[in-house]
Amino acid sequence: MNNNLKEQVLRMSGVNPLKCMRCGKCSATCPSYDEMEYHPHQIVYMVEKGEIEKLMASPSIYKCLSCFACVERCPRDVEPAKLVEAIRLAVIRQQGQNHLKAKDIPDLIEADPDLPQQALVTAFRKYTK
Amino acid sequence: MQKIGVFVCWCGSNIAATVDVQAVSDTLAKEPGVVYATNYQYMCSESGQNLIKDAIKQYGLTGVVICSCSPRMHEATFRKAVASVGLNPYMLEVANIREQCSWIHKDKALATEKAITLGRAAIAKVQLNAPLQAGESPVVKRALVIGGGIAGIQTALDIAEAGFEVDIVEKQPTIGGKMAQIDKTFPTLDCAACILTPKMVECSQNDKVHIYSYSEVTSVKGFVGNFTVSIKKKARYVAENKCTGCGECTTKCPMKNVPNEFNLGLDNRRAIYIPFAQAVPKVATIDPNYCNMLKNGKCGLCAKVCTAGAIDYKQQDQVIEERYGAIVVATGYNPIKLDKFEEFDYSLSKDVVTSLELERLMNAAGPTGGTLLRPSDGTHPHTIVFVQCVGSRDTSGCGKPYCSKICCMYTAKHAMLIREKYPDTEVYVFYIDVRTPGKNFDEFYRRAVEQYGVHYIKGMVGKVAPRADGKIMVQASDLLANEQLHIEADMVVLAAAIEPDKSARPLATMLTASMDTNDFFTEAHPKLRPVESPTAGIFLSGVCQGPKDIPETVSQASAAAAKVIGLLVTAKLTTNPCVAHCNELMCNGCSSCERVCPYGAITYVEKEFRMPDRTTQLRRVASVNPAVCQGCGACTVACPSGAMDLNGFSNSQIMAEVDAICQK
Amino acid sequence: MVYHYYPGCTLKTKAKDLDRYGRKSMEALGITLTELENWQCCGGAFTMAKDEIATKLSSVRALADSRDGVLVTLCSACHNVIKQTNYAMANDAEFAMKANNYSKFDVPYNGETKVMHYLEVLRDVVGFDNLAKAVKNPLKGKKIAAYYGCLLLRPSKALQMDNPENPKILEDFIRAIGAEPVLYPYRNECCGGYMATEDQSVAAKKSGQVMDSAAEMGADMIITACPLCLYNLTKNAPGHQIPVYYFTELLAEALGVKD
């Protein structure tokens, strides 16, 4: 367990995973559930246990839609989405770890000229440092 | 100058481990007026008390200071001890060197210094203490119970059985409360009405019990043993003494579309109605919001069909005043509103219901005659999903932080009853934890699983989505299988959190009884005085004090009754002599004290005063009724001229304490 | 009162209709939207990490520049980012300190500006009753499903727009322009959002669910305030015939200012 990473994630997110009472409402409401290897409730628990590296290596962290459904509906105000974001940042802040690269953008636009700017800037902000 | 004895308690190691008790007694021995100082392991023990008594006799002490635990703990013990050897009990002061010193500090030197300072302040106060005599006040031999649910009913019947008069004030047209709406009771599954309605009838037949239905408490004055309460009897436009409860009017009234609150709006009633067949009193009530006659003078049909001549459209609200020795709060609960939980689409789909609504849908006297049918289309549901903890254990601000306690059991009951009656119906219960402590409770829940095949799934529901074809898509977590489930349901039942009735908060203000942040009444002690409010003479019964089921409610209701009976059998109560008085020469007649007094103990009188030039002058001055004053001291701080003073806590005594703390 | 207007990147390009009809309608209702000078892209998403400062500075600048009035947003994403940034400036002292240290405003900014979504201006400044009176061509008989998506309402603590689970601002708007709102359970569920750049099948699944639900509840059309929602619902949910419009387009039509 890498305590340093755990502390970093807790500090960045401002989330206290100990507030979680393991009701699973986050995973029950998550629109990206099927796309994820680790689901929101597991992510909260894994952060609590300090299994950050496992999460950093998982594609799950790129599947969160940041729709805030888990944040809004959590009865304990845990805010799982903030953990996902902190873990993803812990990855992409490392050199060469951008999930979406600037050079890929022209291809995306070419593939679908209707893609709104909003989609591109949002994806870029989520996936790239 | 007083002759003062100082007694420093070790409280085992509670004080002695953090405070140098020897240093405290040695230092305080040198204070002016102190003729004797000692310390001892347990001052509250019999030998400790004897130590105090002996010192009083041997040194002729006129004042005593005990440095020990909080006066809330043992002031009464020590007062009794000193009184037994002839010292006035109000010549004793307690310096709290435990809760306010040893328990909260770590540094022994600093804690010792603080203990000495606290002791010095108490000595300074005792110097100015004067002997006080406790008075006596009579006890009115009548009790008031506010709320006529099962809690109020049980309390009232027990008090009546002991031979005392008791009044029940119920805001609904009938007593019975929530239990009257419930179908079956756990864990025995006997019918709620079968065990409740005989008690309701007993209330109406017992000479000692008087029911003020459709009534509310509007003001409370006085104090323990002697409350004066105003009760507003709302106009029901039917003479209670004439109405026979035949119900003819309730079938003839042309206003048919009034939501029936007894069935939680699942069906309609008329503008004149009797809530349910076994209502007590069985008297009709006209709903002024819907009655055409009351609204625009057109109709009058009910009066025409009433053979008893009971209808009275001119009836007015009536306020009656009654005196009581004790008051019991039994205001009960309601399920919370679900507007903040619309992810469950309660407002979008009629087939998403609360558990209390399901009770009515399963009740033989309910809107469907006891056959479980979907409210939307009247068809039989084949898949039902129960969602637990809707708004309970919720710290997000949408719900309540506490566990509502009753939901796990009533949901197991619902699930079991449905499976028994409709074996073709699949039942899912989504839970966070199943909490079933209680006699035969866990066995009951296990029966639902093992014998009735109810699917218990650990996880919460995240989204409920009704479809146009009438099915309801339920998206939920199955945490043990680590899956997101999608269930096609016909009905969804939400176990909504329960909260105290909204009338409780204003009532608490009237009673000067304390409440917690969730609007539950606070008990005098959470373990040792669970049915008493910290306000003397106010008792607590049922869910108004905290979530509880029927067996617990009934136990607490009887316990509250026992406490009330204990008070009512007392011939006279000793009154607290630490009451306020007015120094009339300083009083400027401003009424500030009268306005802040929560007990209504202060009145103003016109009085003649002789002036230095021998003329007389008529002045308006405050006058305190010592029988009503509770010694809270609000008036002494509100008084701008310093005329109000409190026996035992006089302004000069408090200043002496402050001086003693500040000197050095 | 000055109504500073923050159009955002997409309203200048792919979502020109949202912008154009929005301005025309507000003008017709007697409110002038003054486009903020030198606004910069909000970034599309609010970075939730507390130590992210730079990504929020464009919003902070827009907020600080609007101190003499109200900052009006129209795009759901801009609205979400700017309101969340404003909430952080008012409630997260460390973030506010760092943002102020960098920005060097003449007077430090601590979340004083009021941010209003265009719909909130309609509701709270114009009033839906007055809007209804101003309508020249009521959209009689039209059954319209409001699509909120996720960005308009959540997180409610920061956005303070409407009940996040049972909103009514768009439904009230629909009634005001003379049409009939259609309620359906997926109106506040996500369309798949920016995941369209990563995996279009996710967007297809989520948007399809929304379209299905609105269609079966009897909607003739769907309205939204979000360019990305409109894109996903129209482009990534194939096989659905219900048209999706920006709410400002219907507003302009109802007010008789649509050209």
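Buried residues make up 53% of the 664 residues in chain B. The exercises below concern a predicted model, and each task is followed by its solution.

**Exercise 1. The fold of chain B**

Task: State how many helices and strands chain B has, and which box its C-alpha atoms fill.

Solution.
- Step 1. The secondary structure of chain B consists of 18 helices and 34 strands.
- Step 2. Along the principal axes, the C-alpha atoms of chain B fill a box of roughly 90 × 70 × 40 Å.
- Step 3. Of the contacts in chain B with a separation of 6 or more, 68% are between residues 24 or more positions apart.

**Exercise 2. The interface of chain A and chain B**

Task: Describe the contact between chain A and chain B by its residues, its buried area and its salt bridge count.

Solution.
- Step 1. Chain A brings 19 residues to the contact, and chain B brings 21 residues.
- Step 2. The size of an interface is often given as the accessible area lost when the parts come together. Between chain A and chain B this area is about 1,600 Å², and carbon and sulfur atoms give 46% of it.
- Step 3. On the side of chain A, Met21(A), Lys25(A) and Ala28(A) supply 30% of the area buried against chain B, more than any other three residues.
- Step 4. The count of salt bridges between the two chains is 1. Its partners are Lys25(A) and Glu343(B), with an N to O distance of 2.7 Å.
- Step 5. The rule for polar contacts finds 18 residue pairs across this interface, both residues at pLDDT 80 or more.
- Step 6. Helix 2 (25-29) and helix 3 (40-49) of chain A are the elements that give two or more residues to the side touching chain B. Helix 2 of chain A gives the most, with 4 residues.
- Step 7. Sorted by class, the side of chain A that touches chain B has 7 nonpolar, 6 polar and 6 charged residues.

**Exercise 3. The two domains of chain C**

Task: Describe how domain 1 of chain C and domain 2 of chain C are in contact, and state which elements of domain 1 touch domain 2.

Solution.
- Step 1. Chain C is divided into domain 1, residues 2-119, and domain 2, residues 128-255. The centres of these domains, taken over C-alpha atoms, are separated by 23 Å.
- Step 2. In the contact, 22 residues belong to domain 1 of chain C and 25 residues to domain 2 of chain C.
- Step 3. The two domains bury about 2,000 Å² between them, with 76% of it on carbon and sulfur atoms. Leu18(C), Ser76(C) and Leu119(C) supply 31% of the area that domain 1 buries against domain 2, more than any other three residues.
- Step 4. There are 0 salt bridges between the two domains, while 6 residue pairs are in polar contact across their interface, both residues at pLDDT 80 or more.
- Step 5. The elements giving two or more residues to the domain 1 side are helix 1 (16-28), helix 3 (76-91) and helix 5 (118-126) of chain C. Helix 3 of chain C gives the most to that side, with 7 residues.
- Step 6. The classes on the domain 1 side are 12 nonpolar, 8 polar and 2 charged residues.

**Exercise 4. Salt bridges and their exposure**

Task: For the salt bridges of Lys233(B) with Glu240(B), Arg529(B) with Glu532(B), and Glu120(C) with Arg123(C), decide whether each partner is buried or partly exposed.

Solution.
- Step 1. A residue counts as buried under 20% relative accessible area and as exposed over 50%, with partly exposed in between.
- Step 2. Lys233(B) and Glu240(B) meet at 3.9 Å, N to O. Lys233(B), at 21%, is partly exposed, and Glu240(B), at 28%, is partly exposed.
- Step 3. In the pair of Arg529(B) and Glu532(B), the closest N and O atoms are 3.2 Å apart. Arg529(B) has a relative accessible area of 39% and is therefore partly exposed, whereas Glu532(B), at 12%, is buried.
- Step 4. The closest N and O atoms of Glu120(C) and Arg123(C) are 3.8 Å apart. Both residues lie in helix 5 of chain C, 3 residues apart, about one turn of the helix. Glu120(C) is buried at 5%, but Arg123(C) is partly exposed at 26%.
- Step 5. Salt bridges that share partners also join Arg142(B), Glu165(B), Asp167(B), Lys208(B) and Glu322(B) into one network. Over all chains, the structure holds 67 salt bridges.

Definitions and conventions
Residues numbered from 1 in each chain as written. Chains lettered and ligands numbered in written order. Predicted model: local features only at pLDDT ≥ 70, side-chain atom pairs only at ≥ 80, totals over all residues. Heavy atoms only, no water. Domains from an automatic or database assignment. Contact = heavy atoms within 4.5 Å. Buried area = accessible area lost by both parts, 1.4 Å probe. Salt bridge = Lys/Arg side-chain N within 4 Å of Asp/Glu carboxyl O. Polar contact = N/O pair within 3.5 Å; in protein donor to acceptor, adjacent residues only side chain to side chain. Nonpolar A, V, L, I, M, F, W, Y, C, P; charged D, E, K, R; others polar. Buried < 20%, exposed > 50% of the residue type's maximum accessible area, 1.4 Å probe, protein only.
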